Amino acid sequence: LIGRLMFELPEEMGLIAIAVRQTQGKGRGGNVWLSPVGCALSTLHITIPLHSNLGQRIPFVQHLVSLAVVEAVRSIPGYEDIDLRVKWPNDIYYSDLMKLGGVLVNSTLLETTFHILIGFGFNVSNSNPTICINDLITKFNKEEGTQLKPLTADCLIPRTVTVVERLIDIFQEKGPNGILPCYYKYWVHSGKQVRLHSEEGPIAWIVGIDDYGFLQVHEEGKGLQSVHPDGNSFDMLRNLIVPK
């Protein structure tokens, strides 16, 4: 529905679809995305000029949205230390332990404008099938003696969209360097050692993100390499970067 509507509305008009529950959710590579009640589930339509900082670096969109989900929670006074993080290229994590959300971006170039559909979903009040943000808040209250209130999807979806708009504005003005310090503050990969291709493959260290949003790793004897998310999968559990 939103994919058809986006070409019929003025470019300056915002468009978002919000679901309470999804029965046919999809992740990257056609993976099934389970979406029970208690998730924040949205598809957001934005337009990005081709000849702009972000238009020339479209892969960054998924990073901006992942960061926006984390910022939507951790920018609330009192919630700054809730251990919600981003995992390259498009996941929301509890620390580096467990996934609780993801982002899927589809783009269509029409003349000189990208029409982008951003699907994002993250667990807010549903403990199953993994863990949710309110579980992290309960854990934090128990450990720190605080009384932070549970959050709702109704709160976090608009906060996320507001942060997305702010991050896009910053990126358009300053490019990747405008947002990467904040991204690195929340990402799970700093200083992590991985093996390439297989468990016996060469050792590499994750360095950061290049100018186009791809992961940079430093392989012994070969220097920096960029890893593309559409051809590789980062296996957090085994510390592998492997071709799909």
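## A walk through the model

Start by colouring every cysteine: a search of the whole structure finds zero disulfides. Keep in mind as you click around that this is a predicted model. In case the term is new, a disulfide is a covalent bond between the sulfur atoms of two cysteines.

**Stop 1: the cysteines.** Select Cys132 and show its side chain. Which cysteine has the sulfur closest to that of Cys132? Cys39 does, but the gap is 9.0 Å, which is too far for a bond. Cys132 has a relative accessible area of 2%, so count Cys132 as buried. Now hop over to Cys182. Cys182 is partly exposed, since its relative accessible area is 24%.

**Stop 2: a helix on the inside.** Select residues 60-74, and you've got helix α2. Its 15 residues stretch 21 Å from the first C-alpha to the last, close to the 21 Å expected at 1.5 Å a residue. Is α2 largely enclosed or largely open? Turn on a surface and check: 15 of the 15 residues are buried, so the rest of the structure largely encloses α2. While you're looking at a helix, here's a handy rule: an α-helix has 3.6 residues a turn, so residues three or four places apart point the same way.

**Stop 3: a run of hairpins.** Switch to a cartoon view and select 84-87 and 91-94, which are β3 and β4. These two strands pair antiparallel over four bridges, and they make a hairpin with three residues between them. To see partners across the pair, pick Val86, which stands opposite Ile92 in β4.

Next, add strand β5, residues 98-110. β4 and β5 run antiparallel and are joined by four bridges. Click Asp91 and look across to Gly102 in β5, which stands opposite. This is a hairpin too, again with three residues in between, and Ser95 in the turn has a positive phi of about 50 degrees.

Keep going to β6, residues 113-123. How many bridges pair β5 with β6? There are 10, and the pairing is antiparallel. Thr108 stands opposite His115 in β6. The hairpin here has two residues between the strands, and Glu111 takes a positive phi near 60 degrees. Try showing side chains along a strand: in a regular strand they alternate between the two faces of the sheet.

**Stop 4: a loop residue with a contact.** Go back to the loop between β3 and β4 and select Asn90. Asn90 is buried, with a relative accessible area of 6%. What does its side chain reach? Draw a distance to the backbone oxygen of Val103, and you'll get 2.7 Å.

**Stop 5: the rings.** Now show the aromatic side chains. The whole structure holds five aromatic pairs. One of them is Phe120 with Phe122: this pair is stacked, with 6.3 Å centre to centre and 15 degrees between the planes. Both Phe120 and Phe122 are buried.

For a contrasting view, select Tyr183 and Trp187. Their ring centres are 5.9 Å apart and their planes sit at 50 degrees, so this pair is tilted. Tyr183 is buried, and so is Trp187. Add Tyr184 to your selection as well, and you'll have a cluster: ring pairs link Tyr183, Tyr184 and Trp187.

**Last stop: a charge over a ring.** Finish by selecting Arg57 and Tyr212. Arg57 lies over the face of Tyr212, at 5.7 Å from the ring centre.

Note on methods
Residues numbered from 1 in each chain as written. Predicted model: local features only at pLDDT ≥ 70, side-chain atom pairs only at ≥ 80, totals over all residues. Heavy atoms only, no water. Buried < 20%, exposed > 50% of the residue type's maximum accessible area, 1.4 Å probe, protein only. Polar contact = N/O pair within 3.5 Å; in protein donor to acceptor, adjacent residues only side chain to side chain. Phe/Tyr/Trp six-rings, centres within 6.5 Å; stacked < 30°, edge-to-face > 60°. Lys NZ or Arg CZ within 6 Å of the ring centre and 35° of its normal. Expected span 1.5 Å × (residues − 1). Disulfide = S-S within 2.5 Å. Pairing = 2+ DSSP bridges.
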